[in-house]
Amino acid sequence: MQETNKYTVFNIREYLNGQNGELGEDELFQILSEFSCEKNKDVERFAKNQSVEFAKKQQSVTYLVFSTEDAELVGYFAITIKPITVNAEPFSNTVRKKLARVSELNELNHTYNLAAYLIAQLGKNYHNGANERITGEELLGLAMKQIKQLQYLAGGMVVFLETSNEEKLLSFYQAMGFQKFDSRLSERAGYEPHELVQLLKIIK
């Protein structure tokens, strides 16, 4: 559990391990059922339908963010570790040197292959206006704080994420220190393919 003056962050595994009588899987599903994100249905769908199963299968871990004042769910984020291939051309020599420390260089196409922390999901809860109680910067900051704790325990120095190719979203993440390194088409079954921009940040 991560606490700040304004927010308390719970790893959903704390609900699943059965060690605290006040927490449990039924309560977790009740909390998740009240999560709403009209702006991004994928974020809502993951929280309600996939987050628990992904945690059980070790695919990712979801963290719920509550207001410390009244324990209202204001948002969540999900973290995992995934391999990525990074084209080094857009980056400075300083960033390239840091990437080289934790990657393998493919000399044929000048790309780096590495494992990195992935912020797989990030979303505010729009149920009853809870979204107004936390900013995007604060929510992303809590995700980065959790990743830095993981970095302290296991090392690594790269975090990345994927977002829709929308100017407002790209400007937000770039203002938070992320840099574009590639894009790909999302090809989920039952959904129209759409472009996802990939951005990364070196963790200091």
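Analyst: A helix axis here is a line fitted to C-alpha atoms over the stretch in contact, and angles run from 0 to 180 degrees between N-to-C directions. The model is predicted, so local features need pLDDT of at least 70 and side-chain atom pairs 80 or more, while totals for chains, interfaces and linings use all residues. Residues are numbered from 1 along each chain as its sequence is written, and side-chain values use heavy atoms, without hydrogens and water.

User: At what angle do helix H2 and helix H3 pack?

Analyst: Helices (H or I, at least four residues) and strands (E, at least two) are DSSP runs numbered from the N terminus. H2 covers residues 25-33 and H3 covers 41-56. Their axes lie 9 Å apart, and the angle is about 145°.

User: Which residues in H3 does H2 meet?

Analyst: Contact means heavy atoms within 4.5 Å. From H2 come Glu-25, Leu-28, Phe-29, Leu-32 and Ser-33. In H3 they meet Ala-47, Lys-48, Ser-51, Val-52 and Lys-56.

User: Which element gives the most to the largest nonpolar core?

Analyst: Such a core is a set of buried (under 20% relative accessible area, 1.4 Å probe, protein chains only) Ala, Val, Leu, Ile, Met, Phe, Trp, Tyr and Cys residues joined through side-chain atoms within 4.5 Å. This one has 28 residues, of which Val-65, Phe-77, Ile-119 and Phe-178 touch the most other members. Elements supplying at least two residues include strand S3 (61-67), strand S4 (73-87), strand S6 (111-124) and helix H5 (136-154). With six residues, the element that gives the most is H5.

User: Which residues of H5 (136-154) does Phe-77 touch?

Analyst: Residues up to four places away in sequence are not counted. Among the residues touched are Val-9, Val-61 and Tyr-63, as well as Gln-121 and Leu-122. H5 runs over 136-154, and the touched residues there are Leu-139, Leu-142, Ala-143 and Gln-146.

User: What is the volume of the largest pocket?

Analyst: On a 1 Å grid over the protein atoms alone, a pocket is an open set of points where a 1.4 Å probe fits, with protein on both sides within 12 Å along at least five of seven lines; lining residues have an atom within 4 Å of a point. This pocket is lined by 39 residues, and those closest to its centre are Asn-40, Val-43, Gln-121, Leu-122 and Glu-162. Its volume, the space filled by probe spheres set on the points, is about 1,600 Å³.

User: Which element supplies the largest share of the lining of the second largest pocket?

Analyst: This pocket has a volume of about 180 Å³. S3, S4 and H5 each supply at least two residues of its lining. The largest share is three residues, from S4.

Technical notes:
Buried means under 20% relative accessible area, exposed over 50%, partly exposed in between (1.4 Å probe, protein chains only).
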